[in-house]
Amino acid sequence: MATITTSESAKAEGVKPRSFRLPPSLISYLQAAPLTLILGSFLAVPILMIGIVSFWDYDFAQMYPDFVTFNYAETLGSWVTWKTYLNTLKFAFLVWVITLFIGFWVAYFLAFHIRTTAMQMVLFLVCTVPFLTSNIIRMISWIPVLGRNGLVNSTLISADIVSEPVEWLLYSDFAVVLAMVHLYTLFMVTPIFNTLMRIDKSLVEAARDAGASSWQTLTNVILPLAKPGMAIGTIFVVTLVMADFSTVQVMSGGQSASVALMMKNQMSLLQYPAAAANAVVLLVIVLLMVATILRIVDIRKEL
Amino acid sequence: MSKAAEIDIISVSKIYGTTTAVESISLKIPAGTYCCLLGPSGCGKTSTLRMIAGHEGISSGDIRLGNSVVTDLPPAKRGTAMMFQSYALFPHLDLIDNVAFSLKMKGVGKDERRAKAMDMLRLMQLEAYATRRPAQLSGGQQQRVALARALITDPEALLLDEPLSALDPFLKIRMRAELKKLQTSLGITFVHVTHSQEEAMALADLIVVMNDGRIEQAAHPRTVFERPATAFVARFMGDHNVISGRVTKSAEDTVALSVPETGGEFLATGENSMSRETADIAIRTDRVRIAEPSEKGLGFTGSISNIEYRGSSVKLSVSGAGVEDFTAIVSDAAFFANPVKVGEAIPLSWNREDAIVLGHLKH
């Protein structure tokens, strides 16, 4: 009996097809390769290129590989740059404050005042409906509303509230901020809604049991616990606004500037190295802002 | 610490839409009692607790705490404090701020409330962890924090919603002892919701067995165990065999009943108070002997379907005379003096006073 078993197992081993086996370390590298390729070719290499080009020399027609720093000197030394950065930061701040306010309350309403999960999902999807059209169309559709002879002005005039059209509605900072809030509020709602949904409802009860009013519960329990979601939403909104040029161009009618718009203008004048230097400065500033947010709020719990 | 309050529940109902969670229950919990609401899940025990706490509206009826009717008061105005099933500690606050939370809500100054919270943590032997967050603590420690947070409001009654269910078995037994000790030293009323009859027996002065939104029995653990009021209580408390049958004869304090079809006849002590046609009787499993019955109706012969050795005792499952899975717990000495095997037919018997007639709820 014993001999049969051994011979059988030997036979089984002999029959087993010779499999081609990769060394385990190579397998891990292969598994990581697709993502590395994608991130490398679409993120790392372009950024590296921008970094390199920002040190090149240029004239009206051509770029010359070189190592010069005057692109940075010009960018940082010009008061136009500083004004543009300040203006962009102003937009970022205003849009952030407004989207945070609206986003929190929308998310709060969805998470705490809608009882059924089905209804929550339906209302959340309703929030995303505007995203079925493109950014540009949503932006441009403000023009007939806000224009000199637009909906708002004609209503105001026919109601005898104003005697002549309100000028600052369109092609102004107001219009830029309004359009950006419209475009970006959902980026605030989603992460905050996500955090609020994870708050254990018994915490709210525990606060009530301890004698907290609704307002105290909000400030002492819900707001602190919603911070990670707010931080993620803030990162989305701030980076989007900092990089925006189309909204600023269309809604301000060319009267306001943003950093990205400045870069676009430089590129249309074929001043690629100058635009690249500008891009590097913007990248550094946005990264610093994100780092600050991450230092203030610990978002690791959310990821 | 503070004086205990009597809790009086007066025909309270809770109706969710079309389902009735609690159906017109009345219960008086004397001041300073450790009361356990016991029942299977969905029996209405948690709803009852939450109505006492004020986290659930009362559909009809009233709740009185001490001398005041609290039916429409918010939780914090009732003089009760609740400890939640998952403890509901605030994850973003350290232990001091968790415990001091209710004081902060009342507007007590920072130093004063922190000092009080620290005293409370010292009482719970947690002062070493004062600056930690709840997530950094073990289950037992979290429970003590939850207790500290509930007790800092000086409640007249502490309401505990399955406080031990999140703990492992060893800790469960240790925290059980701690809860009992705490209740004795504070002297306040504790109302504790549980689905474990063992836990209720170990802790309670008053066990309230609930089923289907009604109270089946509310009594001292010993009464509940020795004289279960209904078949449900007898089954739920365990350690009882329940036999249902048709009443064939009911005398002053004896009832004879026959199990349909197979015709097993049993006698039991007690009154057939409602003169019903059917009755349930209960026989304590540990009072059953392997012997011929001394009188007809106080035993039967059946075949053994299972034998479990439990150390100091042996559990026999016997079927016969129309009774399925009749359990007999015999001491190991008695069993091994005269061992039996699965499949064997054996006579079982008990004394007249160990078989009692069970009542019914008026529906």
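Biologist: Axes are lines fitted to C-alpha atoms, for helices over the stretch in contact, and angles run from 0 to 180 degrees between N-to-C directions. With that, at roughly what angle do helix 13 and helix 14 of chain A cross?

Modeller: At roughly 165°. The axes of helix 13 (residues 259-268) and helix 14 of chain A come within 8 Å. That makes helix 13 of chain A roughly antiparallel to helix 14 of chain A. The classes are under 35 degrees for roughly parallel, over 145 for roughly antiparallel, 65 to 115 for roughly perpendicular, and oblique for the rest. Helices (H or I, at least four residues) and strands (E, at least two) are DSSP runs, numbered from the N terminus.

Biologist: Which numbering and which cut-offs go with this?

Modeller: This is a predicted model: local features need pLDDT of at least 70, side-chain atom pairs count only at pLDDT 80 or more, and totals for chains, interfaces and linings use all residues. Residues are numbered from 1 along each chain as its sequence is written, and chains are lettered from A and ligands numbered from 1 in the order in which they are written.

Biologist: Which residues of helix 13 of chain A meet helix 14 of chain A?

Modeller: From helix 13 of chain A, Val259(A), Met262(A), Met263(A), Gln266(A) and Met267(A). Opposite them in helix 14 of chain A are Tyr272(A), Ala274(A), Ala275(A), Asn278(A), Ala279(A) and Leu282(A). Contact means C-beta atoms, placed from the backbone, within 7 Å.

Biologist: How do the residues of that contact divide?

Modeller: Nine nonpolar, two polar and no charged in the contact of helix 13 with helix 14 of chain A. Ala, Val, Leu, Ile, Met, Phe, Trp, Tyr, Cys and Pro are nonpolar, Asp, Glu, Lys and Arg are charged, and the others, Gly among them, are polar.

Biologist: What about helix 11 and helix 14 of chain A, at roughly what angle do they cross?

Modeller: Roughly 165°. Helix 14 there is residues 272-296 of chain A, and the two axes come within 10 Å. Helix 11 and helix 14 of chain A are therefore roughly antiparallel to each other.

Biologist: Which residues meet there, in helix 11 and helix 14 of chain A?

Modeller: Helix 11 of chain A brings Ala231(A), Thr234(A), Ile235(A), Val238(A), Thr239(A) and Met242(A). Helix 14 of chain A answers with Leu282(A), Val286(A), Met289(A), Val290(A) and Ile293(A). By class, this contact of helix 11 with helix 14 of chain A has nine nonpolar, two polar and no charged residues.

Biologist: And helix 10 of chain A, at roughly what angle does it cross helix 11 of chain A?

Modeller: At roughly 135°, with the axes of helix 10 and helix 11 of chain A coming within 10 Å. That makes helix 10 of chain A oblique to helix 11 of chain A. On helix 10 of chain A, the residues are Leu203(A), Val204(A), Ala207(A) and Arg208(A). They meet Thr217(A), Asn220(A) and Val221(A) in helix 11 of chain A. The contact of helix 10 with helix 11 of chain A divides into four nonpolar, two polar and one charged.

Biologist: New topic. How many residues does the contact take from chain A and from chain B?

Modeller: It takes 14 residues from chain A and 15 residues from chain B. On the side of chain A that touches chain B, helix 10 (201-209) and helix 11 (214-242) of chain A each supply at least two residues.

Biologist: Which helix gives the largest share of that side of chain A?

Modeller: Helix 10 of chain A, with six residues. That whole side of chain A holds seven nonpolar, three polar and four charged residues.

Biologist: Zoom out. How many helices and strands in chain A?

Modeller: Chain A has 14 helices and two strands. Its C-alpha trace spans about 110 × 70 × 35 Å along the principal axes of chain A. Of contacts in chain A with a separation of 6 or more, 71% join residues 24 or more positions apart.

Biologist: What percentage of the residues in chain A is buried?

Modeller: Of the 303 residues in chain A, 29% are buried. Buried means 20 or more other C-beta atoms within 10 Å of a residue's own, exposed means 12 or fewer, and partly exposed is in between, with C-beta atoms placed from the backbone.

Biologist: Over to chain B. What is phi of Ser24(B)?

Modeller: About 45°, a positive phi although Ser24(B) is not a glycine. Ser24(B) sits in strand 2 (residues 19-29) of chain B. Ser24(B) is partly exposed, because 16 other C-beta atoms are within 10 Å.

Biologist: And Tyr87(B), buried or exposed?

Modeller: Buried, because Tyr87(B) has 24 C-beta neighbours inside 10 Å. Phi of Tyr87(B) is also positive, near 75°, in a residue other than glycine. Tyr87(B) lies in the loop between strand 6 (80-83) and helix 2 (95-99) of chain B.

Biologist: Where is Lys3(B) found?

Modeller: In the segment before strand 1 (7-16) of chain B. Lys3(B) is exposed, because 12 other C-beta atoms are within 10 Å. Lys3(B) and Lys106(B) are 103 residues apart along the chain, and their C-alpha atoms are separated by 21 Å.

How values were computed: Two residues are in contact if their C-beta atoms, placed from the backbone, lie within 7 Å.
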